[in-house]
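Thank you for letting me take a few minutes of the meeting. I would like to walk through one model with you, so please have the sequence and the structure open as I talk.

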Amino acid sequence: MVREQVAEFSVEYVQALGEDGAVDEDEAPELDDESLRETYRLMKLSRRADERAVALQRRGELGTYAPGIGQEAAQVGSALALGESEWMVPSFRESAAYLARGTPVHRLLWYALGMEEGAEVAGSNFPPSIPVGSQSLHAAGLGWAQEMAESDEATICYFGDGATSEGDVYEAMNVAGVLDAHTVFFCQNNQYAISTPRRIQTRTETLAQKAVSAGIEGIQVDGNDVLGVRAVTQDALAKAREGDPVLIEALTYRRSMHTTSDDPTVYRTEDEEEEWGTRDPIERFERHLLETDVLDGESIAAIEGEIEETLADEIDLAKAGREEVDPAEMFDYVFAEMPPELRRQKEEWKSENERGGKEEGFERDE
């Protein structure tokens, strides 16, 4: 029997900003102070927007919401690497990426309110995708179209660690590799697929190595390091624009619940959460910016004050938009011609609503 090694692979791990706030200049991207401050502002805005959204949901003023608390570096760092007209294809937890791409907070709230207007996100952004992993196929198609058009642009696709166990994700990476799609697959490995921990979801040592079976590059980055994420994503996008798709695995941690219908205390320990809390991406980045005099106490306070004012205004806009919606429209656009049974349901709903069943609107959360 003849045996010989016919293939081998390795996966690189990248970290530019250490947990102590020290920077490896060889790995960090070149950003001026204004860009660094804006990156920080977006991360803080995302954190507070998620916290406010969870509070609104707990008061019954918002539908199910998926916060991205703890994943701000992975999302903001990668989204800021995209060109303005390049495509972003998210899953359902990418509020920070949307904010970095210019989507206002009230539209994110509209989506959680069940308003179709919330899916009308600005620019070259797809609406949120709830089915796990299915959006990766759309991203592969976009990247293929960019290759066929000989475009110098690329597409980024977000999904979680759980999606890498779905056939859609492998199929998307496989077709992207075969067709030289301009696609970067960005996996936020937040350690849990809802309640299923990473350790029992797959036997692979890394998720990045799943790229090997598709014949594309896989790389791992500290997902709580916004500078490392930005640098790795910039490099991956440059390759994708040339027809070489890349899978990025960003190691991070979901510090909150999967969605507001979830209780993470059932499947996670306090010790684990405290350990990851010491690696918080915002605190790490803030420490670095303070040490390098990009920020000081006064400027941080100013940013925080601006964010609170912005969120108060955005919640008011969400309230105003909701009041303009006629909920009965949910019956109107299911079929081209409304069937009798749905017409009966609509009339019954309207009758109940007129008798006093109308939902309460937002209360301002100071």
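Let me begin with helix H2, which covers residues 72-79 of this predicted model. Eight of its eight residues are buried, so H2 is largely enclosed by the rest of the structure. If you want to follow along the helix, the buried residues are Glu 72, Ala 73, Ala 74 and Gln 75, and then Val 76, Gly 77, Ser 78 and Ala 79.

From there I would like to turn to the way some of the helices pack. Two packed helices are described by the angle between their axes and the distance between the axes, and I will give both values for each pair.

The pair I take up now is helix H1, residues 33-58, with helix H11, residues 297-323, whose axes come within 10 Å and cross at roughly 45°. H1 and H11 are therefore oblique to each other, and their crossing is right-handed. On the H1 side, the contact is made by Tyr 40, Arg 41, Lys 44, Leu 45, Arg 48, Ala 49, Arg 52 and Leu 56, while H11 contributes Ile 300, Ile 303, Glu 304, Glu 306, Ile 307, Glu 308, Leu 311 and Ile 315. When the residues of this contact of H1 with H11 are sorted by character, nine are nonpolar, none is polar and seven are charged.

As you look at those residue numbers, please keep in mind that an α-helix has 3.6 residues a turn, so residues three or four places apart point the same way.

H1 also packs against helix H10, residues 281-291. How are H1 and H10 oriented to each other? The axes of H1 and H10 come within 11 Å and cross at roughly 150°, and the cut-off for calling a pair roughly antiparallel is an angle over 145 degrees, so H1 and H10 are roughly antiparallel to each other. H1 passes H10 in a left-handed crossing. In this contact, Leu 36, Thr 39, Tyr 40, Met 43, Lys 44 and Arg 47 of H1 meet Pro 281, Ile 282, Phe 285, Glu 286 and Leu 289 of H10. Those residues divide into seven nonpolar, one polar and three charged. You may have noticed Tyr 40 and Lys 44 in the contact with H11, and both are also listed in the contact with H10.

H11, for its part, also meets helix H4, residues 105-112, and here the axes come within 8 Å and cross at roughly 45°. H4 and H11 are therefore oblique to each other, with H4 passing H11 in a right-handed crossing. The contact is made by Val 105, His 106, Leu 109 and Trp 110 of H4, together with Leu 311, Glu 314, Ile 315, Leu 317, Ala 318, Gly 321 and Arg 322 of H11. Of the residues in this contact of H4 with H11, seven are nonpolar, two are polar and two are charged. Leu 311 and Ile 315 of H11 appear here, and they were also part of the contact with H1.

Following the chain past H11, we come to Ala 328, which sits in the loop between H11 and helix H12, residues 340-357. Ala 328 is buried, with a relative accessible area of 4%. Leaving aside residues up to four places away in sequence, Ala 328 touches Lys 346, Trp 349 and Lys 350. The C-alpha atoms of Ala 328 and Lys 350 are separated by 7.2 Å, although these residues are 22 apart along the chain.

Two loop residues deserve a look at their backbone angles. Ile 194, in the loop between strand E5 (192-193) and strand E6 (196-197), has a phi near 60°, a positive value in a residue other than glycine, and Ile 194 is partly exposed at 44% relative accessible area. Asp 293, in the loop between H10 and H11, likewise has a positive phi, near 65°, and at 66% relative accessibility Asp 293 counts as exposed.

I will finish with the cysteines. How many disulfides does a search of the whole structure find? It finds zero. Cys 157 is in no disulfide, and the nearest cysteine sulfur, that of Cys 187, is 10 Å away, which is too far for a bond. Cys 157 is buried, with a relative accessible area of 0%, and Cys 187 is buried as well, at 1%.

Definitions and conventions: Residues numbered from 1 in each chain as written. Predicted model: local features only at pLDDT ≥ 70, side-chain atom pairs only at ≥ 80, totals over all residues. Heavy atoms only, no water. Axes fitted to C-alpha atoms, helices over the stretch in contact; angles between N-to-C directions. Helix = DSSP H or I, 4+ residues; strand = E, 2+ residues; numbered from the N terminus. Parallel < 35°, antiparallel > 145°, perpendicular 65-115°, else oblique. Left-handed = near helix turned anticlockwise from the far one by under 90°. Contact = heavy atoms within 4.5 Å. Nonpolar A, V, L, I, M, F, W, Y, C, P; charged D, E, K, R; others polar. Disulfide = S-S within 2.5 Å. Buried < 20%, exposed > 50% of the residue type's maximum accessible area, 1.4 Å probe, protein only.
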